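Good morning, colleagues. Please take a moment with the sequence and the model before we go through the packing.

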Amino acid sequence: MGEFLLVTIQVDLYDRLALTLEEDLIQMVYKNASKGVLIDISALSIVDSFMGRIIGNIAGMSSIMDAETVVVGMQPAVAITLIELGLPLAGVHTALNVERGMALLESRMSARPDDTSDGDDD
């Protein structure tokens, strides 16, 4: 998907699988020099505190690697659970569906300063 990665989670993730997803996703961000990660969780009816932390970790690591993270397809019960658990999900942007998530990533990329500068502020 160009400079974006799209991850669709179709099964409930147990802890080891979630950790593998985190590691594989960060490797793919590095390998593809991705500027955005879109995670579709519409098939998940439950997101526990561990999975919430994994999503936060992915966003944090992606941010360090200059990529934005957008989570889409969150069911109302999942949103309620995440709020009740008090998970801040810092650095995680959300959108209702994949289409809106891609639009959000594209708008965030266009709002970034031009990458063609040499990084020298002098």
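Let us begin with Val47. Setting aside neighbours within four places in sequence, Val47 is in contact with Ile41, Gly52, Val78, Thr81, Leu82 and Leu85, where contact means heavy atoms within 4.5 Å.

I should state the basis at once: this is a predicted model, in which local features need pLDDT of at least 70 and side-chain atom pairs count only at pLDDT 80 or more, while totals for chains, interfaces and linings use all residues. Residues are numbered from 1 along each chain as its sequence is written, and side-chain values use heavy atoms, with hydrogens and water left out.

Val47 also appears in the largest nonpolar core, which has 25 residues; Val47 is listed with Ile9, Leu25, Ile39, Ile41 and Met51 as having the most contacts inside it. By nonpolar core I mean a set of buried Ala, Val, Leu, Ile, Met, Phe, Trp, Tyr and Cys residues joined through side-chain atoms within 4.5 Å; buried is under 20% relative accessible area, with a 1.4 Å probe and protein chains only. At least two residues of this core come from each of β1, α1, β2, α2 and α3 (76-85), and α2 gives the most, with 6 residues. Helices (H or I, at least four residues) and strands (E, at least two) are DSSP runs, numbered from the N terminus. Apart from this core lies another, of 8 residues, including Phe4, Val72, Ala95 and Met102.

How do α1 and α2 meet? The axes of α1 (residues 15-32) and α2 (residues 49-64) come within 10 Å and cross at roughly 10°. Axes are lines fitted to C-alpha atoms, for helices over the stretch in contact, and angles run from 0 to 180 degrees between N-to-C directions. The two helices are therefore roughly parallel to each other, a term for angles under 35 degrees. Among the residues making the contact are Leu25 of α1 and Met51 of α2.

Turning to the sheet, 4 strands form an open sheet in the order β1-β2-β3-β4, with parallel pairing; strands pair if DSSP finds at least two bridges between them. β1 (4-8) and β4 (92-95) stand at the edges with a single partner strand each, so one side of each lacks a neighbour in the sheet. The twist averages 25° from one strand to the next. α1 packs on this sheet, touching β1 and β2, and its direction makes about 160° with that of β1. Finally, α4 (residues 98-110) lies across β1, β2, β3 and β4, running at about 160° to β3.

Key:
Angles under 35 degrees count as roughly parallel, over 145 as roughly antiparallel, 65 to 115 as roughly perpendicular and the rest as oblique. Buried means under 20% relative accessible area, exposed over 50%, partly exposed in between (1.4 Å probe, protein chains only).
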